[in-house]
Amino acid sequence: MKVGIISDTHDLLRKEVLSSLKGVETILHAGDICDQKILDDLTKIAPVLVVRGNADKEWAKDIPMSLDFFLDEAHVYMTHKKKDLPKDIGMYDLVVVGHSHRYSETRQGHTLVLNPGSCGPRRFYQPITLAVADIQGRTISITRIDLTAPVTSPKIDTNNLYQVIEIVLKETKKGNGIGYIAKKYNIEESLTEQIVRLYVTHPGVTIDGIMTKMGI
């Protein structure tokens, strides 16, 4: 039995996702769907089992928060957030969660815990992923599918303070936060915070002005 496993589409159903799911007999969606049309389009490929995510609002009120079911002979449990799993998952062969947008496969005893990642909008620099499971009886084989390669952080010379300040100011004007900027460009967070603070507290300050205030 071939099963497509996805999560966190967030109102974006990529054509590559549809192509990757062709031929599956069932689709599991671990929540944060965000629009009924996503489910309607998936149902054209195969029957869909779905749980409600935290981003699924009033339209999804009839979608359950968790599901307990069998695929072939495999006992499966699915919910959106890992923290909402039962304390004892030992009875299950496969547990499916979403929410983090990060692909992972772990074992707890014989139980496989799978997060297929997100195949919706990209979050920061994480890859776009889903999974396809081959289930024979209680034996489960997972294939990870990467739809796009991970994006690497933009390269800047972190020793060039003028360029660092220029980048930080540009990202701050876009409304991006200190942590995001520091991670994106591999800049020390304390330096990023110092630049942002000088920019915010001295309206109209230039890059040269910030360097002067930093004693450089």
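This is a short walk through a structure, from its two sheets to its helices and its cysteines.

What you have in front of you is a predicted model, in which local features need pLDDT of at least 70 and side-chain atom pairs count only at pLDDT 80 or more, while totals for chains, interfaces and linings use all residues. Residues are numbered from 1 along each chain as its sequence is written, and side-chain values use heavy atoms, with hydrogens and water left out.

Let us begin at strand β1, residues 2–6. Helices (H or I, at least four residues) and strands (E, at least two) are DSSP runs, numbered from the N terminus. Four of the five residues of β1 are buried, so the strand is largely enclosed by the rest of the structure. Here, buried means under 20% relative accessible area, exposed means over 50%, and partly exposed lies in between, with a 1.4 Å probe and protein chains only.

What are the partners of β1? Strand β9 (residues 128–136) runs antiparallel to β1 and is joined to it by four bridges, and two strands count as paired if DSSP finds at least two bridges between them. Looking residue by residue, V3 stands opposite A133 in β9, and G4 stands opposite V132 in β9. Strand β2 (residues 26–29) pairs with β1 in the parallel sense, again over four bridges; there, I5 stands opposite L28.

The link from β1 to β2 is worth tracing on your screen. Together with helix α1 (residues 15–21), the two strands make a right-handed β-α-β unit. Right-handed says that, with the strands pointing away from the viewer, the path from the first strand over the helix to the second runs clockwise.

Now zoom out to the sheet around β1. It is an open sheet of five strands in the order β3-β2-β1-β9-β10, with mixed pairing. Its edge strands are β3 (48–50) and β10 (139–148), each of which pairs on one side only. On average, neighbouring strands of this sheet are turned by 20° against each other, direction ignored. Helix α2 (residues 36–43) packs on the sheet, where it touches β1, β2 and β3, and its direction makes about 150° with that of β3. For such angles, axes are lines fitted to C-alpha atoms, for helices over the stretch in contact, and the values run from 0 to 180 degrees between N-to-C directions.

Another open sheet of five strands has the order β4-β5-β6-β8-β7, also with mixed pairing. Here the edge strands are β4 (66–71) and β7, each pairing on one side only, and the twist averages 20° from one strand to the next. Within this sheet, β7 (residues 103–108) and β8 (residues 111–116) run antiparallel and are joined by six bridges. They form a hairpin with two residues between them, and G109 in the turn has a positive phi of about 65°. Strand β6 (residues 94–96) runs parallel to β8, with three bridges between them. L114 in β8 is a good residue to click on: L114 is the bridge partner of E105 and also of V96.

Next come the helices further along the chain. In α4 (residues 178–185), the buried residues are I181, A182, K184 and Y185. They lie on the same side of α4 because they cover an arc of only 165° around the axis, the arc being that of the directions from the helix axis to the C-beta atoms. An α-helix has 3.6 residues a turn, so residues three or four places apart point the same way. The buried residues of α4 pack against α3 (161–173) and α5 (189–201). Just after α4 comes N186, whose phi is positive, near 60°.

T172 offers a view of this region from α3, the helix in which it is found. T172 is buried, with a relative accessible area of 16%. Leaving aside neighbours within four places in sequence, T172 is in contact (heavy atoms within 4.5 Å) with I181, V196 and Y199.

Finally, how many disulfides does the structure hold? It holds zero, where a disulfide is a pair of cysteine sulfur atoms within 2.5 Å. For C34, the nearest cysteine sulfur, that of C119, is 12 Å away. C34 is partly exposed, with a relative accessible area of 24%, whereas C119 is buried, at 0%.
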